[in-house]
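Please open the model in your viewer and keep the selection tool at hand, since each stop below begins with something to pick out.

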Amino acid sequence: MIYLSKNKIYFYEFAKYIKMQVINELGEAVAVKRRLLGLKQGEVAARAGLTQETLSRFERGRAPEFGSRKLLAVLAVLGMELQFIDTEAAGSLDELRRERGG
């Protein structure tokens, strides 16, 4: 399960959350789940109505665009869902930069 909150994305797997800082990590989480299910990119892509190359780019963080329709289709194939939750108030810009190491 993937949760989105202000400025953070969490991937829930096996009773733990993995904090994601950037959208590229969402693609990585999808790749991990796909592999755990023993599915090939081409199979998931076809079932989601995408090309294998599009899914490959998304998983590698190289997709110039990966819209919500595509994301939701891939998540459905993998038996995942997207939920929005409030976790905490967003920090200041300086706090967010420090959190990201910048």
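This tour of a predicted model visits two helix contacts and then a pocket.

**First stop: α2 and α4**

Begin by selecting helix α2, residues 41-48, and then add α4, which covers residues 68-77. The two helices pack with their axes 9 Å apart and at an angle of about 120 degrees, which makes α2 oblique to α4. As you turn the view, note that α2 passes α4 in a right-handed crossing. To see where they touch, show the side chains of V44, R47 and A48 on α2, together with R69, A73, V74 and V77 on α4. Sorted by class, this contact of α2 with α4 comprises five nonpolar and two charged residues, with no polar ones.

**Second stop: α2 and α3**

Keep α2 selected, hide α4, and bring in α3, residues 52-59. Here the axes of α2 and α3 come within 8 Å and cross at roughly 110 degrees, and α2 is therefore roughly perpendicular to α3. This crossing of α2 and α3 is right-handed. On the α2 side, pick Q41, G42, V44 and A45, which meet Q52, L55, S56 and E59 in α3. The residues of the contact of α2 with α3 divide into three nonpolar, four polar and one charged. V44 deserves a second look, for it takes part in the contact with α4 and also in the one with α3.

**Third stop: the largest pocket**

Which residues line the largest pocket? Select I23, N24, L26, R57, F58, G61, R62, A63, F66, G67, S68 and L71, which form its lining. The elements that give two or more residues to this lining are α1 (24-36), α3 and α4. Within the lining you will find six nonpolar, four polar and two charged residues, and the space in the largest pocket amounts to about 170 Å³.

Notes. Residues numbered from 1 in each chain as written. Predicted model: local features only at pLDDT ≥ 70, side-chain atom pairs only at ≥ 80, totals over all residues. Heavy atoms only, no water. 1 Å grid on protein atoms, 1.4 Å probe; cavity = no way out; pocket = protein on both sides within 12 Å on 5 of 7 lines; lining within 4 Å. Points joined across faces, edges and corners; volume = space filled by probe spheres on them. Helix = DSSP H or I, 4+ residues; strand = E, 2+ residues; numbered from the N terminus. Nonpolar A, V, L, I, M, F, W, Y, C, P; charged D, E, K, R; others polar. Axes fitted to C-alpha atoms, helices over the stretch in contact; angles between N-to-C directions. Parallel < 35°, antiparallel > 145°, perpendicular 65-115°, else oblique. Left-handed = near helix turned anticlockwise from the far one by under 90°. Contact = heavy atoms within 4.5 Å.
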